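Please look over the chain below before reading on. The report that follows takes up strands, a helix, the surroundings of the ligand and a few backbone details.

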Amino acid sequence: TIYGSKYSVKPRDKLLGGLLTADFDEGSCLSRYDQSMRKPSPYKPSGYLISKLRSYEMLHKRCGPGTDAYKRATEQLGHSDENHVRSSGDECRYVVWMPMFGLGNRILSLTSVFLYALLTERVMLVDQRNDITDLFCEPFPGTSWLLPLDFPLTDQLDSYNRKHSHCYGTMLKNHAINSTTIPSHLYLDIFHDSRDQDKMFFCEGDQAIIGKVPWLVAKSNLYFVPSLWMIPSFQTQLLKLFPQKDTAFHHLSRYLFHPTNQVWDMVTRSYNAYLSRADEILGIQVRVFSRPAGYFQHVMDQILSCTQRETLLPELVSPESQVTNTSRSPKLKAVLVTSLHPEYSDTLKNMFWERPTSTGEIIEVYQPSGERIQQTESKLHDQKALAEIYLLSLTDKLVTSTRSTFGYVAQGIGGLKPWILYEPRNNKAPDPPCVKAMSMEPCFLRAPLHGCQAKTIKITPFVKYCEDWFSGLKIV
Ligand code: GDP
């Protein structure tokens, strides 16, 4: 890339400490090995994670689309009478991921499903019928993660829901599944409002049964990794995979997600035009969940009070009281604002244009897009959203919004502990306006707290209630 030259003296660790395989052709997906815009991550992947990923890649090659193993596994699905699944041990098992909700939600559930696949030695395939191929390159070398369009259950995928006879929770309710009656496929429902039966997925005993089912189809809008940590047999493996427990999403997301050239071009153009020359970059992600959403003075007040209190932005002084700045090259701070609403960055921009700063710093405010309305599954809209998530991940310091998965993804990829803006109540800026996150991990916004994991949650020191959502759990 054009920016490569800036760092040509000291070549970047393009494989991220062994996290990535060198088996890809560089040009087909520029983002994969391009670390030129990013500071090197202080977090190194463990040797066990690296070897697990390499064996996963081999498994995916052996079982992926187009292989004999895949053919055999799909033929087994064709049988309508199913209660006779033979598990011969060496057959491949799969988990199919379906995209649900916004881009942040999708990236979080996809990462969770991938970690589940790693832990249980399943092959993960993704539904390709909407825009995943416009967003991400293939992550696994010499094979494909796309679920073939002629997959036998393709026509049924959209109709899977809680009422479906193959839904795990429903099968439990109907006593239709146990260790001797194993179906050829199961639908897993892991949403914010899933039933207690569906959340039994996170119980050790249930995993023993689910583990025997050749095909799983998962729909989720959540980062459910914290509850995988609470399954005792998984925890043993996870401790080896991630000795630094709060790095799971950071490593997995950097392994799995490589924006397509189209998206990466957008990231690079913005970065070079607005961010690369700054001495420091501050990211501010403004997500307004109130209805109607839009520009609110109390949200603007909250952003200012957070950024000034935490000295992320300098105070403004009156033009007369400006101390003559003797420094010839005052510091340039770039502020990258992302929001559906353009007014927040407009206001900031005006403020820093009209009045000088107490520190003499120059503040440059930039917002790449202001789409106003969420348009999930519109190609260019999603591409812009992804580009903005990556731009946020390139900042030095980050402010995010309560319970926004968009922000969670940016902080995790960037390895940043953000300041989280609390959710405003009664149209007032909360006091305090924001809180520094305990870790860079995303929050499992609706973790099962009272089921089989209740005790483990209480005694595990590295799982905590989220800063921004009292019923959520996160790894710290
Ligand atoms: P969440 O709803 O904040 O948890 O995040 P999601 O990413 O799951 O869903 C929000 C969707 O709204 C995104 O995927 C985008 O389509 C859109 N969106 C929200 N905030 C932004 C933003 O700052 N920039 C852009 N481009 N799109 C946004």
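W97 stands opposite V126 of strand β2, and in this predicted model the two strands concerned, β1 (residues 94-98) and β2, run parallel and are joined by four bridges. Along β2, which covers residues 123-126, V123 and L125 point one way while M124 and V126 point the other way, and all of them are buried. Between the two strands comes helix α3 (residues 103-120), and β1, α3 and β2 make a right-handed β-α-β unit.

A second unit of this kind is right-handed as well, and it is made of β6, helix α14 (residues 343-354) and β7. Here β6 and β7 pair in the parallel sense over five bridges, and V335 has V365 in β7 as its bridge partner. In a regular strand the side chains alternate between the two faces of the sheet. Strand β7 (residues 362-366) follows this alternation, for I363 and V365 point to one face and are buried, whereas I362, E364 and Y366 point to the other and are not buried.

Helix α1 (residues 47-63) has 17 residues and reaches 24 Å from its first C-alpha to its last, which is close to the 24 Å expected. Its buried residues are L49, I50, L53, L59, H60 and C63.

Where does the shell around the ligand lie? Domain 1 (47-256) and domain 2 (261-442) both give residues to this shell, so it lies between them. Of the 20 residues around the ligand, G102, L103, G104, S404 and T405 come nearest. At least two residues of the shell are supplied by each of α3, β6 (332-339), α15 (379-393) and α16 (405-414), and α15 gives the most, with four residues. By kind, the residues of the shell divide into five nonpolar, eleven polar and four charged.

Some backbone angles also deserve attention. Most residues other than glycine have a negative phi, and most peptide bonds are trans. The table lists exceptions to both tendencies.

| Site | Feature | Angle |
|---|---|---|
| R291 to P292 | cis peptide bond | omega near -5° |
| D431 to P432 | cis peptide bond | omega about -5° |
| F101 | positive phi | phi near 65° |
| T311 | positive phi | phi about 45° |

P292 is placed in the loop between β5 (280-286) and α13 (297-309), and P432 in the loop between β9 (419-421) and β10 (434-436). F101 belongs to the loop between β1 and α3, and it counts as partly exposed because it has 18 C-beta neighbours inside 10 Å. T311, found in the loop between α13 and β6, has 9 such neighbours inside 10 Å and therefore counts as exposed.

Terms used
Residues are numbered from 1 along each chain as its sequence is written. This is a predicted model: local features need pLDDT of at least 70, side-chain atom pairs count only at pLDDT 80 or more; totals for chains, interfaces and linings use all residues. A residue is buried if 20 or more other C-beta atoms lie within 10 Å of its own, exposed if 12 or fewer, and partly exposed in between; C-beta atoms are placed from the backbone. Two strands pair if DSSP finds at least two bridges between them. A crossover is right-handed if, with the strands pointing away from the viewer, the path from the first strand over the helix to the second runs clockwise. The expected span of a helix is 1.5 Å times one less than its number of residues. A residue is near a molecule or strand if its C-beta atom, placed from the backbone, lies within 6 Å of it. Ala, Val, Leu, Ile, Met, Phe, Trp, Tyr, Cys and Pro count as nonpolar, Asp, Glu, Lys and Arg as charged, and the others, Gly among them, as polar. Domain bounds come from an automatic or database domain assignment.
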